[in-house]
Amino acid sequence: MTEPTSLHSTVLVTGAASGIGRAVAVRIAAEGYRLALFDQDAAGLEATHALLAGEGHIALEGDVTILADLERAVAEQADSAYPLQGVVANAGIEVLGDVLALTTTDWDRSLAVNLTGTFNTAKACLPSLIKQGGSFVAVSSDAGVVGAQGYAAYSAAKHGLIGLVKSMALDYGQRGIRTNAVAPSFVETAMADRIFESDPASQTYYAGTVPLGRFARADEIASAVFHLLSDESSYVNGMVYRIDGGSTAGYFEKSE
C-alpha cells in the first residue's frame, strides 16, 4: 500500500479554517506535506494558510454539503505536482437539542454537514486516492461512540459517520485505501466556546466526566490524525480512535 510521502504528496483537509482542522493542517505541513485547505470561510482559510510551514499549499473555498464544490477543489489540486494521497474529513457543526426541541431544519443541517459532508468528501476524493493509494481520516466525536444527552441530531450524524468509515474500510482497503476515524471528546476550540457560552453549567459537568481532568487541545487531535495518515499506521484500517481522556471508558466518579 502506498502511503503519503513527505514533500511529494498532498493532504486535503476540510474545515481547515479553524479549530481541529487548522491544527491538523499546521501539523501536517510541519511534517513536509503539501496542504489543500478547504472551507467556506475565506478569511479563516487565509489565516490558516499563513501559519503553514513550507510552500505549495493551496486554499480552496467551498461547502462540503455541495458535491460540486469538492469535485472542483479536487480538480484544482490535481493541477499541482503533488498527488492527493491523504484526506482529512473534518468539517462539522454543533447542533444542540433533543428530538422535541430540534426543528426539521436543525436535523437536516446536522446530517448535511456532519455526515453527508464526509460522504461528499469521500466521493470527490476517492478516485484520486485510488490511483495513488493513501489514507482517509474522518473526524467523528465521542458522541458518535456513545449517546449524548441533548445532542440528538449531532450524535446521530456522528454515529452515522463511523458506520460510513467502517464500510469504506471494507470497500476500499483492497484498493490501497485505509479509512479510519478519530472520536474526540470536547476540544478547546471556538465550537466548544460557543456551546458553553449558552450553557456554562454544562462545561463544569463535562469537565468532571474526564478522568484526565481536562478537555483536549486541538494539537493533540492533530497528532492522532497525522498518525493515521502516515505509514506509522500502515496496517490500521476501519479503526475508531477515541481521544477523550478516558471519558467513554466506563462509569467515572471524580474523587474528592
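Let me start with strand S2, where both faces are covered: Arg34, Ala36 and Phe38 are buried on one side, and Leu35, Leu37 and Asp39 are buried on the other. Please keep in mind throughout that this is a predicted model. Strand S2 spans residues 34–39, and 6 of its 6 residues are buried, which leaves the strand mostly covered. As background for that split into two sets, the side chains in a regular strand alternate between the two faces of the sheet.

Where does S2 sit in the sheet order? The sheet is open and is formed by 7 strands in the order S3-S2-S1-S4-S5-S6-S7, with parallel pairing, so that S2 comes between S3 and S1. At the edges stand strand S3, residues 58–61, and strand S7, residues 240–243, and because each has a single partner strand, one side of each is left without a neighbour in the sheet. From one strand to the next, the twist averages 20°.

Moving through the pairings, S1 and S2 run parallel and are joined by 5 bridges, and within that pair Val13 has Leu37 of S2 as its bridge partner. S1 also runs parallel to S4, here with 4 bridges, and Val11 is matched with Gly86 in S4. S4 in turn is joined to S5 by 4 bridges, again in parallel, with Val88 standing opposite Val137 in S5. Strand S5, residues 134–139, and strand S6, residues 177–184, are parallel too and share 6 bridges, one of the matched pairs being Phe136 with Thr179 in S6.

How many residues of S4 are buried? The count is 6 of the 6, so S4 is largely enclosed by the rest of the structure. Part of the surroundings of S4 is helix H4, which lies across strand S1 (10–14), strand S4 (84–89), S5 and S6, and which runs at about 165° to S4.

One residue lets us look at this helix in more detail, namely Thr118, which is found in H4. Is Thr118 buried or exposed? With a relative accessible area of 2%, Thr118 is buried, because the cut-off for that class is under 20%. Leaving aside residues up to four places away in sequence, Thr118 touches Ala89, Val113, Phe136, Ala138, Leu161 and Leu164, and Phe136, as I said, is the residue bridged to Thr179.

H4 has a helix partner as well. Helix H3, residues 67–78, packs with helix H4, residues 104–132, at an angle of about 30° and with the axes 9 Å apart, and the two helices are therefore roughly parallel to each other. Their crossing is right-handed. On the H3 side the contact uses Leu67, Leu70, Glu71 and Val74, and these meet Gly117, Asn120, Thr121, Lys123, Ala124, Cys125 and Ser128 in H4. By class, the residues of this contact divide into 5 nonpolar, 4 polar and 2 charged.

Finally, there is the pair formed by helix H1, residues 19–30, and helix H2, residues 42–51, which pack at an angle of about 25° with their axes 9 Å apart. That angle makes H1 roughly parallel to H2, and H1 passes H2 in a right-handed crossing. Arg22, Ala25 and Val26 of H1 make the contact with Gly44, Ala47, Thr48 and Leu51 of H2, and the residues involved divide into 4 nonpolar, 2 polar and 1 charged.

Terms used. Residues numbered from 1 in each chain as written. Predicted model: local features only at pLDDT ≥ 70, side-chain atom pairs only at ≥ 80, totals over all residues. Heavy atoms only, no water. Axes fitted to C-alpha atoms, helices over the stretch in contact; angles between N-to-C directions. Parallel < 35°, antiparallel > 145°, perpendicular 65-115°, else oblique. Left-handed = near helix turned anticlockwise from the far one by under 90°. Contact = heavy atoms within 4.5 Å. Nonpolar A, V, L, I, M, F, W, Y, C, P; charged D, E, K, R; others polar. Pairing = 2+ DSSP bridges. Buried < 20%, exposed > 50% of the residue type's maximum accessible area, 1.4 Å probe, protein only.
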